[in-house]
Amino acid sequence: MTTLAGTAATGLHRPLGRAFYARPIDALARALLGRLVVTDSADGLAAGRIVETEAYGGPDDRASHARAGLTARTRPMFGPVGHAYVYLVYGLHECLNVVGEQDGQGGAVLLRALEPVTGIELMRRRRSRPHDPDWRLAAGPARLAQALGVDRRLDGHDLTLGEDLWLAGDDVLARPGEPEAPSDIASGPRVGVAYAGGEWAARPWRFWLAGHRSVSRP
DNA sequence: CGAATGATACCCT
DNA sequence: GGGTATCATTCGG
């Protein structure tokens, strides 16, 4: 029996349903804060609380991969909500996204940072950084994916199944004010999207829990 | 410490 | 062929 201090009430093993993902993409990015990301593999169970996200819209969003339209890489972004979109950046790093939608078109939310909750030693092993403090193990999109053991084999995976990779935590719409009060949430421009220019680069579609240590850029 | 620099592979003008 | 939703390391102050 794994110790899950503070998580029993949030239903670690009960995945969020499809309806959770059906809201405007920036609202989804906000709603994901405070939820749990869970992975289950032969190596064990790992979970963390989402503390930083970024919303990416459909083909109109110049900063979004969806700007390229439907390609082999972006296919999950144009599929049903509640699936994973996993891609490689800079030839090295995997990034985990949650598929949503914007104006009936493709969209996704990049998970940028987690606070490790359980399976912390497993995360540390996967990261191969024995001296990193817990709070840094998943502070950043590539660290997050590596700590959870997420790679492109999970691209397109259905997050509502509760198998291998899923999201958990009560729906804030069903329980207003839980688990994160709006006043705890800060927002600002997305990271590394200056190339999009103008309104799209300036749009405050990055969200994080104010003052949290695991946020990738304070 | 902060800034600069590779590493590296996939995607698409 | 150029750019990239990053990170770890190395350097200089």
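E101 sits in strand 4. In this predicted model, E101 has a relative accessibility of 32% and is therefore counted as partly exposed. Setting aside neighbours within four places in sequence, E101 is in contact with R23, P24, I25, V81, G106 and G107. L159 lies 58 residues from E101 along the chain, and the C-alpha atoms of E101 and L159 are 15 Å apart.

**Helix 1**

One of the contacts of E101, I25, belongs to helix 1, which spans residues 25-32. I25 is buried in this helix, as are L28, A29, A31 and L32. These buried residues lie on the same side of helix 1, because the arc they cover around the axis is only 165°. Residues three or four places apart in an α-helix point the same way, because a turn takes 3.6 residues. The cover over the buried residues of helix 1 includes strand 2, strand 4, strand 5, strand 6 (165-168) and strand 8 (206-209). After helix 1 comes G34, with a positive phi near 90°.

**Helix 3 and the loop before it**

Between helix 2 and helix 3 there is a loop that contains D132. D132 has a relative accessible area of 8% and is therefore buried. Apart from neighbours within four places in sequence, the residues in contact with D132 are R124, R127 and L137.

In helix 3 (141-148), the buried residues are P141, L144, A145, A147 and L148. They share one side of helix 3, because their arc around the axis is only 165°. The elements against which they pack are strand 1 (36-41), strand 2 (44-56), strand 4, strand 5 and helix 2 (120-127). G149, just after helix 3, adopts a positive phi of about 75°.

**DNA strand C**

There are 19 residues around DNA strand C, and H93, N97, R127, R129 and Y195 come nearest. Of the atoms of DNA strand C that come within 4 Å of the protein, 58% are accounted for by sugar and phosphate. R127 thus appears both in this group and among the contacts of D132.

Which elements each supply at least two residues of the surface near DNA strand C? They are strand 3 (84-89), strand 4 (93-102), strand 5 (105-118) and helix 3. Helix 3 gives the largest share, three residues. By class, the surface near DNA strand C is made up of 10 nonpolar, five polar and four charged residues.

Several polar contacts to DNA strand C involve phosphate oxygens. R129 has a polar side-chain atom 2.4 Å from a phosphate oxygen. In helix 3, P141 places a backbone N or O atom 3.3 Å from a phosphate oxygen of DNA strand C, and P141 is also one of the buried residues of the helix. A polar backbone atom of A142 is 3.2 Å from a phosphate oxygen of DNA strand C.

**DNA strand B**

The residues surrounding DNA strand B are A68, T71, R73, L88, Y90, G91, L92 and R152. They divide into four nonpolar, two polar and two charged residues. Sugar or phosphate makes up 64% of the atoms of DNA strand B within 4 Å of the protein, and the rest belong to bases.

T71 reaches a phosphate oxygen of DNA strand B with a polar side-chain atom, whereas Y90 has a polar backbone atom at a base oxygen and G91 a backbone N or O atom at a base nitrogen. The distances are listed below.

| Residue | Protein atom | Atom of DNA strand B | Distance |
|---|---|---|---|
| T71 | polar side-chain atom | phosphate oxygen | 2.5 Å |
| Y90 | polar backbone atom | base oxygen | 2.5 Å |
| G91 | backbone N or O atom | base nitrogen | 3.4 Å |

**Aromatic pairs**

How many aromatic pairs does the structure hold? There are three, including the pair of F20 and Y21. Their ring centres are 5.3 Å apart and their planes stand at 85°, so the pair is edge-to-face. Both F20 and Y21 are buried.

Y85 and Y87 make up a tilted aromatic pair, with 5.3 Å from centre to centre and 35° between the planes. Y85 counts as buried because its relative accessible area is 1%. Y87 is likewise buried, with a relative accessible area of 8%.

Definitions and conventions. Residues numbered from 1 in each chain as written. Chains lettered and ligands numbered in written order. Predicted model: local features only at pLDDT ≥ 70, side-chain atom pairs only at ≥ 80, totals over all residues. Heavy atoms only, no water. Near = heavy atom within 4 Å. Polar contact = N/O pair within 3.5 Å; in protein donor to acceptor, adjacent residues only side chain to side chain. Nonpolar A, V, L, I, M, F, W, Y, C, P; charged D, E, K, R; others polar. Helix = DSSP H or I, 4+ residues; strand = E, 2+ residues; numbered from the N terminus. Buried < 20%, exposed > 50% of the residue type's maximum accessible area, 1.4 Å probe, protein only. Arc of directions from axis to C-beta. Contact = heavy atoms within 4.5 Å. Phe/Tyr/Trp six-rings, centres within 6.5 Å; stacked < 30°, edge-to-face > 60°.
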